[in-house]
Amino acid sequence: MAASPFRSALELMVQYARYHRDRRNIATHFIGIPLIVFAIGILLARAQFSVSGVDLSAAWAVWGLSTLWYLSRGNLVLGTATAAVNALLIALAEPFAAGSTLSWLSWGVGTFALGWVIQFIGHYYEGKKPAFVDDLVGLLVGPMFVVAEAMFSTGWGRSLLAEIERQAGPTYIRDLASPAA
């Protein structure tokens, strides 16, 4: 039976962190995940519709739904910060949807592919598969994880970080000559 997508931010972060302890892998996620979110924004921004006279795109609709999910995970600061970062990426992506079909697809698919290549390089260093392979909710947790890691680096959320590390272990740099644990 699959785990519920409605677990708390702590539970989700711990599960995701278990696949992301190598610091090089975490570093690649700071590039790969924003590229993927940006690419999804490009690809979905082309689908336009109107609701009560307000023009929207599928990118903003998905952002709205994901924001509700982030805000309901029990950590309002982290949920708000993740929604804000995702909103910035969507806003930056929107102009790329306005070009020709070739330009739109090139930017969208190219950025999406590049983001995943960077992710898989990180998982080479980790020696583990990506979290979403075992739980598709990991695709939503990725942006939250990157935002949390950025916030941890400023000193925010020390108790959350301590609990994640207590359950998932500390970060490290894996010796590539040794088999993965």
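Q: Why is R166 called exposed?
A: In this predicted model, R166 has a relative accessible area of 60%. Exposed means over 50%. The value of 60% passes that mark, so R166 is exposed.

Q: What makes R166 and E163 a salt bridge?
A: Their closest N and O atoms are 2.7 Å apart. The limit for a salt bridge is 4 Å. The pair therefore qualifies.

Q: How far apart are R166 and E163 along helix α7?
A: They are three residues apart in α7, residues 158-168. That separates them by about one helical turn. An α-helix has 3.6 residues a turn, so residues three or four places apart point the same way.

Q: Is E163 buried, partly exposed or exposed?
A: E163 has 22% relative accessibility. Buried needs under 20%, and exposed needs over 50%. E163 falls in between, so it counts as partly exposed.

Q: How many salt bridges does the count give?
A: The count comes to four. One of them joins D135 and R7, with the closest N and O atoms 2.6 Å apart.

Q: What makes the D135 and R7 pair a tie between distant parts of the sequence?
A: D135 lies in the loop between α5 and α6. R7 lies in the segment before α1. The two are 128 residues apart in sequence, so the pair ties those parts together. Both D135 and R7 are buried.

Q: Why do K129 and D134 count as a salt bridge?
A: Their side chains meet at 3.0 Å, N to O. The cut-off is 4 Å, so the pair counts. K129 is partly exposed at 41% relative accessibility. D134 is partly exposed too, at 44%.

Q: How many aromatic pairs does a search of the whole structure find?
A: It finds ten. In one of them, the ring centres of W116 and F120 are 5.8 Å apart.

Q: What makes the W116 and F120 pair tilted?
A: The planes of the two rings stand at 35°. Stacked means under 30 degrees and edge-to-face means over 60. An angle of 35° fits neither, so the pair is tilted.

Q: How do you know that W116 and F120 are about one helical turn apart?
A: They are four residues apart in helix α5, residues 101-126. That spacing is about one helical turn.

Q: Which of these is buried or partly exposed: W116, F120?
A: W116 has a relative accessible area of 17%. Buried means under 20%, so W116 is buried. F120 stands at 43% and counts as partly exposed.

Q: Why is the F152 and W156 pair called stacked?
A: The angle between the planes is 15°. Stacked needs under 30 degrees, so the name fits. The centres are 6.0 Å apart, and the limit for pairing is 6.5 Å. F152 is buried at 10% relative accessible area, while W156 is partly exposed at 24%.

Q: Which residues form one aromatic cluster with F112?
A: W116, F120 and F132 form the cluster with F112.

Q: How do you know that the span of α5 is close to the expected one?
A: α5 has 26 residues and reaches 37 Å from its first C-alpha to its last. At 1.5 Å a residue, 38 Å is expected. The two values are close.

Q: Where do the buried residues of α5 pack?
A: They pack against α2 (23-45) and α6 (138-152). Among the buried residues are W104, G108, H123 and E126. After α5 comes G127, whose phi is positive, near 80°.

Q: Why is H20 called buried?
A: H20 has 1% relative accessibility. The limit for buried is under 20%, so H20 is buried. H20 sits in the loop between α1 (9-17) and α2. Beyond its neighbours within four places in sequence, its contacts include H123, E126 and F145.

Q: What makes H20 and H29 a polar contact?
A: Their side chains are joined at 3.1 Å. A polar contact requires N or O atoms within 3.5 Å, so the distance fits.

Q: Why is S52 called exposed?
A: S52 has 76% relative accessibility. Exposed means over 50%, so S52 is exposed. S52 is found in the loop between β1 (48-51) and β2 (54-57). Its phi is positive, about 50°, although S52 is not a glycine.

Conventions:
Residues numbered from 1 in each chain as written. Predicted model: local features only at pLDDT ≥ 70, side-chain atom pairs only at ≥ 80, totals over all residues. Heavy atoms only, no water. Buried < 20%, exposed > 50% of the residue type's maximum accessible area, 1.4 Å probe, protein only. Expected span 1.5 Å × (residues − 1). Contact = heavy atoms within 4.5 Å. Polar contact = N/O pair within 3.5 Å; in protein donor to acceptor, adjacent residues only side chain to side chain.
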